[in-house]
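I opened the file to take notes on the fold, going from the whole chain down to single residues. The entries are in the order in which I looked things up.

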Amino acid sequence: MRDSRRARLILGVLLTAALVILTVDHRTGESSPLRPLRAVGAWVFGSAEQLGGGVVRPVTTFVQALFTAPAAQERIRVLTEENARLRTGMLADKLDAARSSELKKLLGLAGAGGYKIVTGNVVARRGQPGFEDTVQIDVGSADGVQPEMTVLNGDGLVGRVIHASTTSSTVLLISDPASAAGARLEGGREIGVVHGVGEHGRLVQFRLLDSAAPLVRGGRIVSFGSQNGRPYVPGVPVGVIERVESTPGELTRIAYARPFADLTALDAVGVVVEAPKRDPRDAVLPGKEGDAVRRTPTRRGGSP
């Protein structure tokens, strides 16, 4: 009982002293004699607060991360998908622009030569029994395509159709060793035969039938044409001579030419479904030294 009274007495004295100190400190303001004591208290309690904040803050951050992680992951997923869509869109735009350019060249060549064509795209490159170098295109008999029709692109001769189903066709490239096409030199009547030699289509062989005819590097070759325009129509650019072989005593002369058409990167092609009414001769060859050849576009499956 006596201890309880003493404790209450001491507590009352301390509370009274505290009230007196607070009153004096408040009334005297900045000139308070208790200012040093106040600064010490602020430093002690401030340090304790900073220490407590340093301990609690990482825990709080971790808890907040746990609650916000699903939303952050979802945001990352959305941004990743959006980035993928943008990349796909940019790639599609580039592909569309490239195809548009190829189609424009193709229609220009067909217009210059007077070829009635059906346009298509190369969808696969595969070998066929007896052949090494063939491609599949996405047009067939339903589009008017038949075997033994000429196939070209915006640069020159590609090959001939060897098989046509309803919706697709197989094309034998001029680079195939089994391929042979009549051809002639630009500006003259010297004729010969173009054979494929493989080598991934980088070169074709041109065998000139007149051994006395001039045959030089840089000479250009065009298709001679077949009867009724099958399998080859006349006047299609074939290639540029890069190498001439020495054949003393031979009845023919041999050269190797680089095809105008890049046979390793075919996309848009045209199948000639109707031969020109007259041989265009050299009119379809590209101009030399930057001279442009004017070409009139044709529509898919339509007349020039």
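The notes below start with the whole chain and then turn to strands, pairings and single residues.

**Entry 1: the chain as a whole.** I note at the outset that this is a predicted model. I looked up the secondary structure and found 2 helices and 12 strands. Read from the N terminus, the two helices come before the strands, in the run α-α-β-β-β-β-β-β-β-β-β-β-β-β. The chain has 304 residues, and 34% of them are buried. For the surface I have about 18500 Å² exposed, with 58% of it supplied by carbon and sulfur atoms. I also looked at contacts between residues at least 6 apart in sequence: 61% of these join residues at least 24 apart.

**Entry 2: the barrel with strands 1 and 12.** In what order do the strands close into the barrel that includes strand 12? I read the order as 1-2-5-4-3-12, 6 strands with antiparallel pairing. From one strand to the next, the twist averages 45 degrees. I then checked the pairing of strand 3 (residues 150–152) with strand 12 (residues 268–274), which is antiparallel and rests on 2 bridges. One residue I followed here is Leu-152, whose bridge partner in strand 12 is Gly-270.

**Entry 3: Ser-169.** I placed Ser-169 in strand 5 (residues 169–173), a strand that belongs to the barrel of the previous entry. Is Ser-169 buried or exposed? I count Ser-169 as buried because its relative accessibility is 1%, and the cut-off for buried is under 20%. The side chain of Ser-169 comes to 2.7 Å from the backbone oxygen of Val-139. Setting aside residues up to four places away in sequence, I list the contacts of Ser-169 as Val-135, Gln-136, Ile-137, Val-139, Gly-140, Val-145, Val-161, His-163 and Ala-164.

**Entry 4: the barrel with strands 6 to 11.** I found another closed set of 6 strands, in the order 6-7-8-11-10-9, with antiparallel pairing. The twist here averages 40 degrees from one strand to the next. Strand 6 (residues 180–185) pairs with strand 7 (residues 191–196) over 5 bridges, in the antiparallel sense. In this pair I see Ala-180 opposite His-195. The two strands form a hairpin with 5 residues between them, and Gly-187 in the turn has a positive phi of about 80 degrees. Strand 6 also pairs with strand 9 (residues 220–223), antiparallel, over 3 bridges. There Leu-185 stands opposite Ile-221. I then went to strand 10 (residues 237–244) and strand 11 (residues 253–259), an antiparallel pair with 5 bridges. Val-240 in this pair stands opposite Arg-258.

**Entry 5: the core and Ile-221.** Which residues touch the most other members of the largest nonpolar core? I noted Tyr-115, Val-161, Phe-206, Ile-221 and Val-271, out of 46 residues in that core. Val-161 is also on the contact list of Ser-169. I chose Ile-221 for a closer look and left aside its neighbours within four places in sequence. Its contacts include Ala-183, Arg-184 and Leu-185, and Leu-185 is the residue opposite Ile-221 in the pairing of strands 6 and 9. Also among the contacts of Ile-221 are Val-194, Phe-206, Val-236, Pro-237, Val-238, Gly-239, Ile-241, Ala-257 and Phe-260. As background I add that nonpolar side chains tend to be buried together in soluble globular proteins.

Notes
Residues are numbered from 1 along each chain as its sequence is written. This is a predicted model: local features need pLDDT of at least 70, side-chain atom pairs count only at pLDDT 80 or more; totals for chains, interfaces and linings use all residues. Side-chain values use heavy atoms; hydrogens and water are left out. Helices (H or I, at least four residues) and strands (E, at least two) are DSSP runs, numbered from the N terminus. Buried means under 20% relative accessible area, exposed over 50%, partly exposed in between (1.4 Å probe, protein chains only). Contact means heavy atoms within 4.5 Å. Accessible areas come from the Shrake-Rupley method with a 1.4 Å probe; for residues, only the protein chains shown count as cover. Two strands pair if DSSP finds at least two bridges between them. Axes are lines fitted to C-alpha atoms, for helices over the stretch in contact, and angles run from 0 to 180 degrees between N-to-C directions. A nonpolar core is a set of buried Ala, Val, Leu, Ile, Met, Phe, Trp, Tyr and Cys residues joined through side-chain atoms within 4.5 Å. A polar contact is a pair of N or O atoms within 3.5 Å; within protein, one must be able to donate a hydrogen and the other to accept it, and residues adjacent in sequence count only if both atoms are side-chain atoms.
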